[in-house]
Amino acid sequence: MSTTALPPVVDAETWQRELDALRVREKAATRELDAIAAARRRLPMVRMPDYTLEGENGPVRLADVFEGKSQLIVYNHMWFPAETWQCPGCTGFTSQFTRLEFLDNWDARFVIVTQGPIDEALAYKRRVGNTMTWYSTANSSFGADVGAPPGGGFAVNVFLRDGDTVYRTWHTDGRGTEQLGYSFALIDLLPYGRQEEWQDSPEGWPQSPTYSKWSGSKEIAAAYGDPGA
């Protein structure tokens, strides 16, 4: 990338004053996120039916997807039948999560559920190098019931287990999933940001069509996947 657009150059005192002013807003945003999280902890919940999903080792009840934990985060991965390469956004988003064992200390688990048949889903998982545990809802209404129907979009759902009873506690989709990943958080720290046309940037800042800088599924597979898959 080449550009002549640069932020204005100032002395250190002026820079610190501008940073301090921005920090007031950053801290206010942090406090608002804390308040939102507090409200999330106070949400009511909905009892779920006793769904059966398909896992790597066969059918598994939704309650058993928790593997003994009390809390479960599910990423509902988009799936398009007969396609070699699935949604690049979902593929890229889930590729961030390679070390999830820390959730054990919070009595929680994070898995992927997709509409794709389990054999195809597991083959795709290997092809792109995904390390999360995958399940299929191809033979269940689970995906449709939590905002991710066949041919539909992606979603994040959170569940709480009490014995064999499972409750749905939270849901988001679209840009609501951004808070869960680190990639955009890092990119937004950069002087030029995401460089997408929709963003509010100074005159002359590099900008390109939305998604044009995102890694495609083939690129992710080349970087992380199993070449023999």
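**View 1. Y211 and W214 pair edge-to-face.** Y211 is exposed, because its relative accessibility is 55%. This is a predicted model. The ring of Y211 pairs with the ring of W214. Their centres are 4.9 Å apart, and the planes stand at 85 degrees. W214 is partly exposed, with 34% relative accessible area. A pair of aromatic rings is described by the distance of the centres and the angle of the planes. On both counts the arrangement of Y211 and W214 is edge-to-face. The structure holds eleven aromatic pairs.

**View 2. Five aromatic residues form a cluster.** Ring pairs connect Y75, F93, F97, F110 and F154. Y75 falls in strand β4, which covers residues 71-77. F93 belongs to helix α3, residues 88-94. F110 is in strand β5, residues 108-114. These three elements, β4, α3 and β5, are among those that cover the buried residues of helix α4.

**View 3. Two arginines sit over tryptophan rings.** R40 lies over the face of W170. The distance to the ring centre is 4.7 Å. R127 places its charged end over the ring of W85. Here the distance to the centre is 5.9 Å. W85 also appears in the next view, as a contact of S217.

**View 4. S217 is buried at the start of helix α7.** Helix α7 runs over residues 217-224, and S217 is part of it. S217 has 5% relative accessibility, so it counts as buried. What does S217 touch, beyond its neighbours within four places in sequence? The contacts are W85, Q86, C87, P88, T91, Y124 and V128. Of these, Y124 and V128 are buried residues of helix α4. Helix α7 is itself among the elements that cover the buried residues of α4.

**View 5. C87 and C90 lie side by side without a bond.** A disulfide is a covalent bond between the sulfur atoms of two cysteines. The structure holds zero disulfides. For C87, the nearest cysteine sulfur is that of C90, 3.6 Å away. Why is there no bond at C90? The 3.6 Å between its sulfur and that of C87 is too far for one; the cut-off is 2.5 Å. Both cysteines are buried: C87 has a relative accessible area of 12%, and C90 has 0%. C87 is also one of the contacts of S217.

**View 6. Helix α4 turns one face inward.** Helix α4 covers residues 118-128. Its buried residues are I118, A121, L122, Y124, K125 and V128. Seen down the helix axis, they fall within an arc of 160 degrees, so they line one face of α4. Which elements cover these residues? They include strands β2, β4, β5 and β6, along with helices α3 and α7. After α4 comes G129, with a positive phi near 75 degrees.

**View 7. Strands β2 and β3 make a hairpin.** Two residues join β2 to β3. The strands pair in the antiparallel sense, over four bridges. Side chains alternate along β2. L53 and G55 point to one face and are buried. T52 and E54 point to the other face and are not buried. Across the pair, L53 stands opposite V60 of β3.

**View 8. E67 and Q195 have positive phi in loops.** Most residues other than glycine have a negative phi. E67 has a positive phi of about 50 degrees. Its place is the loop between α2 and β4. Q195 also has a positive phi, near 60 degrees. It lies in the loop between α6 and α7. Are these residues buried or exposed? E67 is exposed, at 52% relative accessibility. Q195 is buried, at 13%.

**View 9. The whole chain sets the scene for the close-ups.** The protein has seven helices and eight strands. The C-alpha trace spans about 65 × 45 × 30 Å along its principal axes. Of the 229 residues, 37% count as buried. Among contacts with a separation of 6 or more, 62% join residues 24 or more positions apart.

Conventions
Residues numbered from 1 in each chain as written. Predicted model: local features only at pLDDT ≥ 70, side-chain atom pairs only at ≥ 80, totals over all residues. Heavy atoms only, no water. Buried < 20%, exposed > 50% of the residue type's maximum accessible area, 1.4 Å probe, protein only. Contact = heavy atoms within 4.5 Å. Arc of directions from axis to C-beta. Phe/Tyr/Trp six-rings, centres within 6.5 Å; stacked < 30°, edge-to-face > 60°. Lys NZ or Arg CZ within 6 Å of the ring centre and 35° of its normal. Pairing = 2+ DSSP bridges.
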